[in-house]
Amino acid sequence: MPRSRALSPQEERGAVEEPPPALEECLRACATHSGKLVAGLDRRRGELAEALRALLALHASRALPAGAPRAERGPVSALLRRAQATASAAPAATPGPLTLDNALLDALLAVGGKALDCGYEDERALADVVSRCLVALRKGSRAAWRLRGRVLEAQGAYAEAADAYDEYLSRTEEDGFGVRARVAGLRVAAERERELAGLLAAARPGRGVPR
């Protein structure tokens, strides 16, 4: 009987490639996470909360009907007023399906980066949702692919992170973030991970390994 292939660590954990979230799903995830954040001493979560407020204010300003009253007080209202001023200065457009324009892309990139910087599981999950959505909708975005690489690296998916970083590098002539060096290290780490997975598979009971 042919010997079965050793599973990668991601396969061992039962990781399954899921379809990327739609933009609406991504924004709902951001809104839900914003509602869970509470004031505290964690500076990184405070920065994430600010990025989420800016994103949601931008999105809300576009959802408001023409002539809707504007809130006048509070930090969120100030963000909303700035977003509304930007939107009102742009040419009027016929309402249609939600699209990922540059302003929304930048706001989501900020959220994804700040979420990843927090280093906590819930925030890493949010960064994963944001990065999967962005690379699906903006395949040509260097920043989206770099964020995706960072997320995958934080998850320990080294081979996949290297692939995402390669997508970033293929879209830029300058490597100001030192990504090429990271890719080389990730490839080595992925190969060692595969070797370890093979050794663990061979050492399982019933494989006839000497005691």
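This report walks through confidence, the nonpolar core, a few helix residues and the cysteines of a predicted model.

## Ground rules and confidence

Residues count from 1 along each chain as its sequence is written, and side-chain values use heavy atoms, with hydrogens and water left out. Since we're dealing with a predicted model, local features need pLDDT of at least 70 and side-chain atom pairs count only at pLDDT 80 or more, while totals for chains, interfaces and linings use all residues.

pLDDT is the predictor's confidence in each residue, on a scale from 0 to 100. The protein averages 80, and 72% of the residues score at least 70. Two stretches to treat with care: residues 1-15 stay under 50, with 19 contacts beyond four places in sequence in the model (a contact being heavy atoms within 4.5 Å). Over residues 66-84 the pLDDT is also below 50, and that stretch has 22 contacts beyond near neighbours in sequence. Where pLDDT is low, the predicted coordinates should not be read in detail.

## The nonpolar core

The largest nonpolar core has 43 residues. Such a core is a set of buried Ala, Val, Leu, Ile, Met, Phe, Trp, Tyr and Cys residues joined through side-chain atoms within 4.5 Å; buried means under 20% relative accessible area, exposed over 50%, and partly exposed in between, using a 1.4 Å probe and protein chains only. Cys30, Leu55, Leu104, Leu108, Val111, Val130 and Leu134 touch the most other members.

Helices here are DSSP runs (H or I, at least four residues), numbered from the N terminus. Those supplying at least two core residues each are H2 (23-36), H3 (43-63), H5 (102-118), H6, H7 (142-154), H8 (158-169) and H9 (179-202). H5 gives the largest share, 9 residues. For a look at one core member, take Leu108: setting aside residues up to four places away in sequence, Leu108 touches Leu23, Cys26, Leu27, Cys30, Leu55, Leu100, Val130 and Leu134.

## Helix H6 and Arg132

H6 covers residues 121-137, and its 17 residues should span 24 Å, given that the expected span is 1.5 Å times one less than the number of residues. The end C-alpha atoms sit 25 Å apart, which agrees. Buried residues of H6 include Glu123, Asp128, Arg132 and Cys133, alongside nonpolar ones such as Leu126 and Val130.

Arg132 belongs to this helix and is buried at a relative accessible area of 15%. Leaving out neighbours within four places in sequence, Arg132 is in contact with Glu18, Pro19, Pro20, Pro21 and Arg148.

## His33 and Leu105

His33 is in helix H2 and counts as buried, at 6% relative accessibility. Apart from neighbours within four places in sequence, His33 contacts Leu48, Leu52, Asp122, Glu123 and Leu126.

Over in H5, Leu105 is buried too, with a relative accessible area of 6%. Leu105 and Leu134 are 29 residues apart in sequence, yet their C-alpha atoms are 7.5 Å apart in space. Not counting residues up to four places away in sequence, Leu105 touches Leu100, Leu134, Arg138 and Ser141.

## Cysteines without disulfides

How many disulfides does a search of the whole structure find? The tally is 0, with a disulfide taken as a pair of cysteine sulfur atoms within 2.5 Å. Cys26 is in none: the nearest cysteine sulfur, in Cys133, is 4.2 Å away. The Cys30 sulfur has its closest cysteine sulfur in Cys26, at 4.6 Å, so that pair is too far apart for a bond. Both residues are buried, Cys26 with a relative accessible area of 0% and Cys30 at 0% as well.
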